[in-house]
Amino acid sequence: MIANIPNPVRDEPLMRSLQGLYAAPMLLLSARFRRGLGESSEAARRLGVKKVLPSRFTQEELLEAVRASLDGQ
């Protein structure tokens, strides 16, 4: 599952709901990760997010992130 989450810390309940709906690895997209906000990365780790991709990514980066998320299955 690929989700664009503007604020991983604030949106933790939303991410938990999505995890309950989909039995798939979660790939997060968020500009907050580009800015190096550690608490966002920590929120993603707490939720077991497989891969985090900062906004402004290339097609190659997206495909690699999807591959990396699926390799852990």
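Arg 67 is partly exposed, with a relative accessible area of 45%. The model is a predicted one. Arg 67 pairs with Glu 64 in a salt bridge, and their closest N and O atoms are 3.5 Å apart. Glu 64 is also partly exposed, at 44% relative accessible area. Both residues sit in helix α4, which spans residues 59-71. They are three residues apart, about one turn of the helix.

**Salt bridges**

The structure holds three salt bridges. Side chains of opposite charge can pair when their charged atoms come close. The table lists each pair with its N to O distance.

| Pair | N to O distance | Accessibility of Arg |
|---|---|---|
| Arg 10 and Asp 11 | 3.4 Å | 56%, exposed |
| Arg 16 and Glu 12 | 3.3 Å | 46%, partly exposed |
| Arg 67 and Glu 64 | 3.5 Å | 45%, partly exposed |

Take the pair in helix α1. Arg 16 and Glu 12 are four residues apart there, so about one helical turn separates them. Is Glu 12 buried or exposed? Glu 12 counts as buried because its relative accessibility is 14%, under the 20% cut-off. Arg 16 counts as partly exposed, at 46%. Glu 12 belongs to α1, residues 12-21. Leaving aside residues up to four places away in sequence, Glu 12 touches Ala 43, Arg 46 and Leu 47.

**Asp 11 and its surroundings**

Where does Asp 11 lie? Asp 11 is in the loop between β1 and α1. Its relative accessible area is 12%, so Asp 11 is buried. Its salt-bridge partner is Arg 10, which counts as exposed at 56% relative accessibility. The two side chains also make a polar contact, at 3.4 Å. Beyond residues up to four places away in sequence, Asp 11 touches Ile 5 and Pro 6.

**The nonpolar core**

Which residues make up the largest nonpolar core? The core has nine: Ala 3, Ile 5, Met 15, Leu 18, Met 26, Leu 28, Ala 44, Leu 47 and Val 49. Ile 5, one of these core residues, is touched by Asp 11. Leu 47, also in the core, is touched by Glu 12.

Met 15 is another core member. Setting aside residues up to four places away in sequence, Met 15 touches Ile 5, Pro 8, Met 26, Leu 28 and Leu 47. Among these contacts, Ile 5, Met 26, Leu 28 and Leu 47 are listed in the core.

**The sheet and helix α4**

Strands of a sheet pair through backbone hydrogen bonds, either parallel or antiparallel. Here, three strands form an open sheet in the order β1-β2-β3, with parallel pairing. Strands β1 (2-4) and β3 (51-54) stand at the edges. Each has a single partner strand, so one side of each is left without a neighbour in the sheet. On average, neighbouring strands of the sheet are turned by 20° against each other, direction ignored.

How many bridges join β2 and β3? Strand β2, residues 27-30, pairs with β3 in the parallel sense over four bridges. Leu 29 has Leu 53 in β3 as its bridge partner.

Helix α4 lies across β1, β2 and β3. The helix runs at about 170° to β3. This is the helix that carries the salt-bridge residues Glu 64 and Arg 67.

Notes. Residues are numbered from 1 along each chain as its sequence is written. This is a predicted model: local features need pLDDT of at least 70, side-chain atom pairs count only at pLDDT 80 or more; totals for chains, interfaces and linings use all residues. Side-chain values use heavy atoms; hydrogens and water are left out. A nonpolar core is a set of buried Ala, Val, Leu, Ile, Met, Phe, Trp, Tyr and Cys residues joined through side-chain atoms within 4.5 Å. Buried means under 20% relative accessible area, exposed over 50%, partly exposed in between (1.4 Å probe, protein chains only). Contact means heavy atoms within 4.5 Å. Helices (H or I, at least four residues) and strands (E, at least two) are DSSP runs, numbered from the N terminus. A salt bridge is a side-chain nitrogen of Lys or Arg within 4 Å of a carboxyl oxygen of Asp or Glu. Two strands pair if DSSP finds at least two bridges between them. Axes are lines fitted to C-alpha atoms, for helices over the stretch in contact, and angles run from 0 to 180 degrees between N-to-C directions. A polar contact is a pair of N or O atoms within 3.5 Å; within protein, one must be able to donate a hydrogen and the other to accept it, and residues adjacent in sequence count only if both atoms are side-chain atoms.
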